Amino acid sequence: MKVVIVGGVAGGATTAARLRRNAEQAEILLFERGGYISYANCGLPYYIGEVIQDRNNLFVVSKETFEQNFHVQVRINSEITEIDRGRKTVTVKEAATGREYKESYDKLVLSPGAEPIKPPIPGINDERIFTLRSVVDTDHIKNFVDTRKPRRVVIVGAGFIGLEMAENLHHRGLQVTIVEMAQQVMNVVDYEIAAEVHQHLKTKHVEFYLNDGVASFEGGDESLTVTLKSGRKIATDLVILSIGVRPDTKLAKAAGLEIGSAGGIKVNPYLQTSDPDIYALGDAIEFPNPITGKPALTFLAGPANKQGRIAADNIAFGNKKTYPGSLATAIAKVFDLTVASTGFAEKSLKAEGLPYQAINFHASSHAGYYPGAKGLSIKLTFHPESGKLYGAQIVGYEGVDKRIDLFATVLRHGGTVQELAEIEHAYAPPYSSAKDPVNIAGFVAENILLGRSRHIQWHELLEKDLPTLFLLDVRTPEEYALGTIEGAVNIPHNQVRNRLSEIPRDRTIIVFCAAGLRAYVAERILLQNGYTDVYNLSGGYKTFQIATQKQSNEDIFEKDFIGKDDRIYQANPETRGSAGGTVNITRLDATGMQCPGPIMKLKGAMEQIPVGERILEIASDPGFARDIKSWCSMTGNKLIGVEEEGGLVRAIIEKGEKPVSPITESGGNATTIVVFSNDMDRALASFVIANGAAASGKEVTLFFTFWGLSIIKKPEKVLASKDFLGRMFGMMLPQGSKKLGLSRMNFAGMGPKLMRYRMKQKQVESLESMIQSALQAGVRFIACQMSMDVMGVTKEELLDGVEVGGVATYLERASKGQVNLFI
Ligand code: FAD
């Protein structure tokens, strides 16, 4: 048997090797148009970026080794230009000599891959515009970067390859601008998943334009001008076109083989084309999608390799093996992020008109108490009744790969979300949690199928008439203070049970927390208390916030320029003030501090610098990246940039001219907290909020009443004359903040000790230090005169700086603000 294979990379080389193992006597000829076979296409961007440094590492097997090991005749630089199906011959054209000859076959295998799309845009043939598909393309791009030393690149198209090139050219020190026609990067995933990539690209100082395409290229001596459809002009030194690929079907078409409706070579489940002696595989074919049964194209290495084995087996042993179709399981690294998907995204299901349920949630890569846990955002789609899994998408920093593979495995065998809940995974704290995010996905979906929870997507919420809804934010007051959905009311999830009277029964209630879990707890409380019209905002505030904020990142290189020596100047926004010229930067280290520590520290430092100067603050609290945005917008300071790298958040803030009042239209700038309790945990909560609010520029008043007076008592005993009842009540009040107990699990005084130990371990400020911070930040401490009288507390017993006031003082302060809490 003589087998001719067209294409010597992923699919073709696999077919040849497998065939040799199956059919020792077969004559096998492998034709490759280019100069290399069996190389790592997927590694090409990383070689350009010099992450892969040795070019030889790109070549899995050389022509010579392949010939020796597999006894296959490898003919490189030899293009098959024609197939004569009647005579069962192919025409070969040698690139070097131009010589043409014919070769006969018994079986022919086509694995010619795909070709990059290059639309007829004016100026597209400029020598500084490249596409990336082969080793030759790679050499051209790398040579250009090495010798011409471009400082700017425009990447047209933000699919997987475009983003990999963005990362790698950024790694080579180029200013990277991405132009994408769609409203998001990575079109295979849903918008809110891509939105996380958008925000990450911003932290990496990548410029990008969405909803805009290229109208023309215009070559000049110094630079190339890319004009976008919006009219914007971008000067650049290099362009990478990565707007997609199409199956290379030229040869098949000319030979009269059937081409399918998706544009690929049509094959049967044995991978035979419309001619039984010709098999086809890889990027060039189309194949029914396992979920919809509709023809689909897949441009991935895994399917091409697997198809190569199937085709080789069927050629050697007769048609026995069938290809099940691809779920398009894919993964990509985008700077520090990993993005992965399998099966159907929500938008594809919508386009297919299939009934579906989608959920979003956020989880950790491993147990939160083991250091280094990173966030994962997961989206699942499934059938709303049977629970049959349709697809999954994940974006995160760690552990994305193993989760997507679990989802893909369940999807592959037509599994359901219930099976996700049951998956048994290997667990130890550094790797996962006892309930892995994949299990949690199953739990969340199962709850929906059982009618125990109802999700609403962020985009469905936006389509509703928001004022008619009751938006219930069940996060902590500190989280709420740093940003919420407009109009939302804050009742922390553990207070919902006791504050049902504040939640209307005649309105649709949308409950949300940061990631979904606390909202689910609150949702359950409401449902079991007779509320019926309740929805959980899928993915919580995190998804909502990421998806609804500004996505593109324009004009970020506006102030930068390329010097005559070809270097980028002023690329560092840190030292260039808003008013031009350079500015001083004060460095502030807030690593190890928990919220609101970094914000408090910043506030203090801001007071020390003049308007226009900057602070570079480095924090390890991941929430700081979000908090700092809210804080700046509340206080009128300017956030110059915020980026995350290696688990640290680095923010540059410029001191603003006039602090802006956080509440300008609907209320005053005061926050008032009535501190009634003398539980240590409640006292902590009061001071966390007070300090957070003070740091945001609010005028904060703490009104200590009844048992709350204990918190502001001096630690030492003070002699004061009291009557009998006064002495009795005085004995019941703990002597200052250090003597407070916990509201729960006090364990005869062990609880507070444990709490203090834990706070120290987690580098949370002590209660005493928070009290001092509050006083220094100008928070007013008012002791309720009436309570003092009743409880037998005298002014001398209270901390210095505490004022004594009555209810009128409290009401006067409370009337000036919107935030008024009772703790
Ligand atoms: P190819 O591997 O492209 O091989 C086709 C070969 O056929 C080519 O070398 C071509 O020169 C040759 N040929 C075509 N016509 C003829 C002819 N008439 N005569 C002789 N020879 C011919 N996939 C992933 O799953 N993960 C990734 O991370 C990933 N990254 C990628 C990064 C880049 C830069 C690129 C370009 C692709 C990437 N892919 C990735 C896609 C993956 O490489 C392809 O899906 C896979 O290689 C397809 O295999 P194939 O055999 O169909 O085509």
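Me: In which helix of this model does Ser-787 lie?
Reply: In this predicted model, Ser-787 lies in helix H23, which covers residues 785-791.

Me: Why is Ser-787 called buried?
Reply: The relative accessible area of Ser-787 is 0%, and the term buried applies to values under 20%, so Ser-787 is classed as buried.

Me: What makes the pairing of Ser-787 with Thr-705 a polar contact?
Reply: The side chains of Ser-787 and Thr-705 are joined at 2.8 Å, and because the cut-off for a pair of N or O atoms is 3.5 Å, this distance qualifies. The side chain of Ser-787 also reaches the backbone nitrogen of Phe-706, at 3.1 Å.

Me: Why is Met-750 called partly exposed?
Reply: Met-750, which is found in helix H21 (residues 750-761), has a relative accessible area of 44%; since buried means under 20% and exposed means over 50%, the value for Met-750 falls in between, and the residue is therefore partly exposed.

Me: Which residues form a nonpolar patch on the surface together with Met-750?
Reply: Met-750 forms the patch with Met-745, Phe-747 and Leu-754, and together the four residues have about 450 Å² of accessible area. Membership requires over 30% relative accessible area, a condition that Met-750 meets with its 44%.

Me: How do you know that the side chain of Asp-283 makes a polar contact with the ligand?
Reply: An N or O atom in the side chain of Asp-283 is 2.8 Å from an oxygen atom of the ligand, and because such a pair counts within 3.5 Å, the contact is accepted. Backbone atoms take part as well: a polar backbone atom of Ala-10 is 3.2 Å from a ligand oxygen, and a backbone N or O atom of Leu-300 lies 3.1 Å from a ligand oxygen.

Me: How much of the ligand does the protein bury?
Reply: Taken alone, the ligand exposes 1,000 Å², and the protein buries 89% of that area.

Me: What makes up the shell around the ligand, by residue class and by structural element?
Reply: The shell has 15 nonpolar, 7 polar and 5 charged residues, and of the 27 residues around the ligand, those that come nearest are Gly-11, Glu-32, Ser-111, Asp-283 and Ala-301. Helix H1 (10-22), strand S4 (78-84) and helix H8 (301-317) each supply at least two residues, with the largest share, 3 residues, coming from S4.

Notes. Residues numbered from 1 in each chain as written. Predicted model: local features only at pLDDT ≥ 70, side-chain atom pairs only at ≥ 80, totals over all residues. Heavy atoms only, no water. Patch = residues over 30% accessible without salt bridge, like charges linked within 9 Å, V, L, I, M, F, W, Y side chains within 5 Å. Areas by Shrake-Rupley, 256 points an atom, 1.4 Å probe, with all protein chains shown as cover. Salt bridge = Lys/Arg side-chain N within 4 Å of Asp/Glu carboxyl O. Helix = DSSP H or I, 4+ residues; strand = E, 2+ residues; numbered from the N terminus. Buried < 20%, exposed > 50% of the residue type's maximum accessible area, 1.4 Å probe, protein only. Near = heavy atom within 4 Å. Polar contact = N/O pair within 3.5 Å; in protein donor to acceptor, adjacent residues only side chain to side chain. Nonpolar A, V, L, I, M, F, W, Y, C, P; charged D, E, K, R; others polar.
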